[in-house]
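Welcome! Here are some exercises for getting to know a structure, each with a worked solution to follow at your own pace. Have a look at the sequence and the model before you start.

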Amino acid sequence: MELFDLYTKDREPTGKKMVRGDRVPEGLYRLVVHVCIFDQEGRMLIQQRQPFKHGWSNLWDITVGGSAVAGDTSRSAAERETREEIGLDIDLSDARPALTLNWEHGFDDYYLLTRDVDPASLNLQYEEVQAVRWAALEEILEMIDDGRFIPYEKGLIELLFFQRNHRGAHTRKDTTGA
């Protein structure tokens with residue numbers, strides 16, 4: 001039985017927990033994390049979910065994603081999910097999510113990393129992942145269109161690719177001294 005911590009709309013821990021598979025109680029939220037790994041060429045490492053995996057079976061997805069379990073921080077959940085799903089140890093101790101999206105039942109934290117990883121060297125979690133490979137932005141957008149990729153908003157995928165080299169929303173720093 002897997003438990004998730006529950007939060008207020010302001011992301012404050014409530015001390016309450018829920019069981020995986022149960023509905024998130026009204027007015028409470030849970031935490032989900034994603035890690036997008038890019039190579040020096042600007043491609044994203046993508047994973048194909050197992051055909052027997054519940055939810056988005058057999059579709060391609062961003063590098064790693066999953067729910068934070070009870071006691072996890074966003075960082076520890078992202079590190080754990082990356083280690084579990086693709087067998088890669090990452091250290092996010094100095095990282096913050098590049099972006100956080102709010103959704104109906106929680107918060108999605110996205111971490112963006114650049115690593116040159118040989119997909120053949122990864123130890124894929126049989127229960128979750130059947131394959132990994134590198135893909136360019138245009139290819140992922142085509143895969144969304146033809147139903148081979150989880151149907152993320154294409155603008156989100158474009159933003160993830162853009163944000164991998166940019167932090168924040170401004171094109172330059174404020175130099176007015178304020």
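A polar contact is a pair of N or O atoms within 3.5 Å; within protein, one of them must be able to donate a hydrogen and the other to accept it. Keep in mind as you work that this is a predicted model.

**Exercise 1. Describe the setting of Gln47 and find the partner of its side chain.**

Step 1: Locate the residue. Gln47 belongs to strand 4, which covers residues 44-49.

Step 2: Decide whether Gln47 is buried or exposed. Its relative accessible area is 2%, and buried means under 20%, so Gln47 is buried.

Step 3: Look for the partner. The side chains of Gln47 and Glu85 are joined by a polar contact of 2.6 Å.

Step 4: Add the surroundings. Beyond four places in sequence, Gln47 touches several residues, including Trp60, Ile62, Val64, Glu85, Val129 and Val132.

**Exercise 2. Place two residues of helix 1, Arg75 and Glu81, and compare their surroundings.**

Step 1: Find the helix. Helix 1 spans residues 74-86 and holds Arg75; Glu81 is in helix 1 too.

Step 2: Check the accessibility. With a relative accessible area of 35%, Arg75 is partly exposed. Glu81 is at 7% and therefore counts as buried.

Step 3: List the contacts, leaving out residues up to four places away in sequence. Arg75 meets Leu92, Ser93, Ala95, Arg96 and Tyr111. Glu81 touches Val33, Val64, Gly65, Gly66, Ser67 and Ile86.

Step 4: Look closer at Arg75. A polar atom of its side chain lies 2.6 Å from the backbone oxygen of Ala95.

**Exercise 3. Work out how helix 2 and helix 3 pack.**

Step 1: Recall what to look for. Two packed helices are described by the angle between their axes and the distance between the axes.

Step 2: Read the geometry. Helix 2 (residues 137-145) packs with helix 3 (residues 154-163) at an angle of about 165°, and their axes are 10 Å apart. Angles over 145 degrees count as roughly antiparallel, so helix 2 is roughly antiparallel to helix 3.

Step 3: Give the handedness. The crossing of these two helices is right-handed.

Step 4: Name the residues that meet. Helix 2 brings Leu137, Ile140, Leu141, Ile144 and Asp145, while helix 3 brings Lys154, Ile157, Glu158 and Phe161. This contact has 6 nonpolar residues, no polar ones and 3 charged ones.

Step 5: See what else surrounds helix 3. Its buried residues are Leu156, Ile157, Leu160, Phe161 and Gln163. Their cover includes helix 2 as well as strands 3, 4, 7, 8 and 9.

**Exercise 4. What is the phi of Arg11, and what is the phi of Trp56?**

Step 1: Start from the usual case. Most residues other than glycine have a negative phi.

Step 2: Give the two values. Arg11 is not a glycine, yet its phi is positive, about 70°. Trp56, also a residue other than glycine, has a positive phi near 55°.

Step 3: Place both residues. Arg11 sits in the loop between strand 1 (3-7) and strand 2 (13-19). Trp56 lies in the loop between strand 4 and strand 5 (60-61).

Step 4: Add the accessibility. Arg11 is partly exposed at 29% relative accessible area, and Trp56 counts as partly exposed at 47%.

Terms used: Residues are numbered from 1 along each chain as its sequence is written. This is a predicted model: local features need pLDDT of at least 70, side-chain atom pairs count only at pLDDT 80 or more; totals for chains, interfaces and linings use all residues. Side-chain values use heavy atoms; hydrogens and water are left out. Helices (H or I, at least four residues) and strands (E, at least two) are DSSP runs, numbered from the N terminus. Buried means under 20% relative accessible area, exposed over 50%, partly exposed in between (1.4 Å probe, protein chains only). Contact means heavy atoms within 4.5 Å. Axes are lines fitted to C-alpha atoms, for helices over the stretch in contact, and angles run from 0 to 180 degrees between N-to-C directions. Angles under 35 degrees count as roughly parallel, over 145 as roughly antiparallel, 65 to 115 as roughly perpendicular and the rest as oblique. A crossing is left-handed if the near helix is turned anticlockwise from the far one by less than a right angle, and right-handed if clockwise. Ala, Val, Leu, Ile, Met, Phe, Trp, Tyr, Cys and Pro count as nonpolar, Asp, Glu, Lys and Arg as charged, and the others, Gly among them, as polar.
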